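Me: I'd like to learn how to read charged side chains in a model like this. Can you walk me through it?

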Amino acid sequence: QLQLVESGGGLVQPGGSLRISCAASGSTLDYYAIGWFRQAPGKEREGVSCISIRGGSTNYADSVKGRFTISRDNAKSTVYLQMNSLKPEDTAVYYCAAVPVSPDYNLVAHPLWDWTVMDYWGKGTLVTVSS
C-alpha cells in the first residue's frame, strides 16, 4: 500500500520561496503520476501541478504557472514542489496524491486536476504566506 507524507510547509513572507516534499513508502513510485493539490479555508480543493511517471511531462494551474516547479526523484521516492514568488492567496494546506497510470500517459492533454481520480493521499502540509 502506497503511503505519502508531505513536509516542508511553514510561514513565509510574500515574495518568498518554499520547497515542499512528498515522500512515498510502501511501494515504488515508478508506476504513479503525482499531483499536488491545495485547499484554502472555505474553498474547494484544487489541482496545482502534476508530473508524469518519469518526470518528463508536467502541468501547472494557471495561478501558479511560472512560479512553481514540480520535480521527482524516483530513486528517493520523493516528489518536490518548489514555490517561488509566493502570494498570500497561495496560503493553503498542500496535499500530494498519486494515481497509477501507463508510462505514456499524456499529462499535457489530460492533467490531473480532478482530485476524485487520485488513489492515494498524504495528510497535507500547511503553507502560510503572510507578512
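Me: Let's start with D90 and R38: are they buried or exposed?

Reply: Both D90 and R38 are buried. Keep in mind that this is a predicted model.

Me: What joins D90 to R38?

Reply: The general idea comes first: side chains of opposite charge can pair when their charged atoms come close. Here, D90 and R38 form a salt bridge, with their closest N and O atoms 2.9 Å apart. That pair links distant parts of the chain: D90 sits in the loop between β8 (78-83) and β9 (92-100), R38 sits in strand β4 (residues 32-39), and 52 residues separate them.

Me: Which residue does R67 pair with in a salt bridge?

Reply: R67 pairs with D90, and the closest N and O atoms are 2.7 Å apart. R67 is in the loop between β6 and β7 while D90 is in the loop between β8 and β9, so this salt bridge ties together parts that lie 23 residues apart in sequence. As for burial, R67 is buried, just as D90 is.

Me: Which residues are linked in a network of salt bridges?

Reply: R38, E46, R67 and D90 make up that network. Across the structure there are four salt bridges.

Me: What about D62, where does that residue lie?

Reply: D62 is in the loop between β6 (58-60) and β7 (68-73). D62 forms a salt bridge with K65, the closest N and O atoms being 3.1 Å apart. To read the setting, look at relative accessible area: D62 has 67%, which is over the 50% cut-off, so D62 counts as exposed. K65 is partly exposed because its relative accessible area is 48%. You can also place D62 against S49: the two are 13 residues apart along the chain, and their C-alpha atoms are separated by 9.7 Å.

Me: Now a charge without a salt bridge. How far is E6 from the nearest side chain of opposite charge?

Reply: For E6, that side chain is R45, 7.9 Å away. E6 is buried yet has no salt bridge. When you meet a case like this, check the backbone too. The E6 side chain reaches the backbone nitrogen of C96 at 2.9 Å, and it reaches the backbone nitrogen of K123 at 3.1 Å.

Me: Where does E6 sit, and what does E6 touch?

Reply: E6 lies in strand β1 (residues 3-7). Leaving aside residues up to four places away in sequence, E6 touches a set of residues including S21, C22, W36, Y94 and Y95. C96 and K123 are also among them.

Me: Can we try a positive residue? Which strand holds R72, and which backbone oxygen does its side chain reach at 2.9 Å?

Reply: R72 is in strand β7, and its side chain reaches the backbone oxygen of L29 at 2.9 Å. The backbone oxygen of I53 lies 3.2 Å from a polar atom of the R72 side chain. R72 is buried and has no salt bridge; D30, the nearest side chain of opposite charge, is 5.9 Å away.

Me: Which residues does R72 touch?

Reply: Not counting residues up to four places away in sequence, R72 touches L29, Y32, A33, I34, I51, S52, I53, R54, G55, T78 and V79. L29 and I53, whose backbone oxygens came up a moment ago, are both in that list.

Terms used:
Residues numbered from 1 in each chain as written. Predicted model: local features only at pLDDT ≥ 70, side-chain atom pairs only at ≥ 80, totals over all residues. Heavy atoms only, no water. Helix = DSSP H or I, 4+ residues; strand = E, 2+ residues; numbered from the N terminus. Buried < 20%, exposed > 50% of the residue type's maximum accessible area, 1.4 Å probe, protein only. Lys, Arg positive; Asp, Glu negative; His and termini not counted. Polar contact = N/O pair within 3.5 Å; in protein donor to acceptor, adjacent residues only side chain to side chain. Contact = heavy atoms within 4.5 Å.
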